[in-house]
Amino acid sequence: MMHVYADNAATTAMSQVAIDAMTPYFNKIYGNPSSLHSVGQEAKEALDAARATVAACLGCEPREIIFTSGGSEADNQAILSAAAYGKKKNKTHIITTAFEHHAVLHTLQKLEKEGFTVTYLDVSKGHNITAQQVKDAIREDTCLVTTMYANNEIGSVLPISEIGAVCKEAGVTFHTDAVQAVGHLRIHVKEQNIDMLSLSGHKFHGPKGVGALYVRRGLPLVNVIEGGAQERGKRAGTENLPAICGMAAAMKDACDHMDENMSRVAAMRDRLIEGLSRIPHSALNGDPVNRLPGNVSFCFEGIEGESLLLLLDMKGVCASSGSACTSGSLDPSHVLLAIGRVHDVAHGSLRLSLSEYNTQEEVDHILQVVPEVVAYLRNMSPVWRDLQDGKREYIL
Ligand SMILES: *Cc1c(COP(=O)(O)O)cnc(C)c1O
């Protein structure tokens, strides 16, 4: 049976490039970069080189990069830093979107309990936001705008350059959770007026448990992890050098081959979207135009996403419904609710996320099994029978 991994927004397989880049740092160049002796200094050189590589991919200076344990930590540190700095100046208003990752949303909820006010921009129109919405929401006391670069569930790519320009003009710090965008879209933090940016190694064929925060020079940071003087004193703990070097290699590889990889991935995405749109009473989630190259997200009326996933898995397709964290809970994804899907429809969601490791044959397989499984589940569904009998009205 064919096995298709179509859950690359949850995590990716590591590339051989990344594995090869990590290997020497386990037992050959194993020093602690803080040690003054030659073994430590060799490790320090590798750390500096990785920092320079990551900075070059983002268009910033190496000293503006802080290595973290991943995207979640980078999001936490960016938001808590801007909030702490804002509070000192009596600015306690933050702007975000309703469809952020929980690493952002839960950090903001914590700040709300401490007295901050958060504006959650509506994403129901076009499954995206506009820079005008950001502009209209900015107040005298706004200390931070934090919007994701691209949505992990529905693939919408936000107008980051325009939002950056709005924030720059208003003098408000702009952070973006770019975990889904780095390695997949061209990013230049200076040209796009981004003040802070979070990224994560395992979303672009690098290792898990490592990420980075870009922070524009001069912006103050608070520590999430206290202890040593690593990372300019802003993130304590002995650096995970193998992971950092693996992530840097994966990032360079992704940036070097971005155009060819992404046009191939986007072509597979478009075939899937076209094919799955033919399923009756279905709807594409996310911005149809400004969209991640690998994201395909649908709602199918009259079925449960969980059953769909289990049956697809049996037929060799690993996919997701909404975010990995919502699987197993009864609440539908906050992202699907935020774009205006009602509960019943949001439950019947499917996310396929592709990478350059996927093939046209795999797309053929998906296009064969998804319509079969949807039809099979609808046949067993009392909700679907009511819809067919006219006892309920179709929403999609
Ligand atoms: C995966 C993801 C994160 C979390 O990154 P980790 O490295 O797994 O902590 C944050 N934001 C978005 C948009 C993501 O897709």
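A polar contact is a pair of N or O atoms within 3.5 Å. With that in hand, let's look at this predicted model.

Q: What makes the pairing of Q180 with the ligand a polar contact?
A: A polar side-chain atom of Q180 lies 2.7 Å from an oxygen atom of the ligand. The cut-off is 3.5 Å, so the pair counts as a polar contact.

Q: Why is the approach of S200 to the ligand called a polar contact?
A: Here a polar side-chain atom of S200 lies 2.6 Å from a ligand oxygen atom. That is within 3.5 Å, so the name applies.

Q: What makes G71 a polar partner of the ligand, backbone or side chain?
A: The backbone: one of its N or O atoms is 2.8 Å from an oxygen atom of the ligand. As for cover, the ligand taken alone exposes 380 Å², and the protein buries 86% of that.

Q: How do you know which helix gives the most to the shell around the ligand?
A: Of the 13 residues that surround the ligand, helix α4 (residues 71–88) gives 3, the most. By class, the shell has 2 nonpolar, 8 polar and 3 charged residues.

Q: What makes up the description of how α4 packs with α5?
A: Two packed helices are described by the angle between their axes and the distance between them. For α4 and helix α5 (residues 102–113), the axes come within 9 Å and cross at roughly 35°. The crossing is right-handed. Among the residues in contact are S72, I79 and L80 of α4, and V104, L108 and L111 of α5. By class, the contact has 7 nonpolar, 3 polar and 2 charged residues.

Definitions and conventions
Residues are numbered from 1 along each chain as its sequence is written. This is a predicted model: local features need pLDDT of at least 70, side-chain atom pairs count only at pLDDT 80 or more; totals for chains, interfaces and linings use all residues. Side-chain values use heavy atoms; hydrogens and water are left out. A residue is near a molecule or strand if one of its heavy atoms lies within 4 Å of it. A polar contact is a pair of N or O atoms within 3.5 Å; within protein, one must be able to donate a hydrogen and the other to accept it, and residues adjacent in sequence count only if both atoms are side-chain atoms. Accessible areas come from the Shrake-Rupley method with a 1.4 Å probe; for residues, only the protein chains shown count as cover. Helices (H or I, at least four residues) and strands (E, at least two) are DSSP runs, numbered from the N terminus. Ala, Val, Leu, Ile, Met, Phe, Trp, Tyr, Cys and Pro count as nonpolar, Asp, Glu, Lys and Arg as charged, and the others, Gly among them, as polar. Axes are lines fitted to C-alpha atoms, for helices over the stretch in contact, and angles run from 0 to 180 degrees between N-to-C directions. A crossing is left-handed if the near helix is turned anticlockwise from the far one by less than a right angle, and right-handed if clockwise. Contact means heavy atoms within 4.5 Å.
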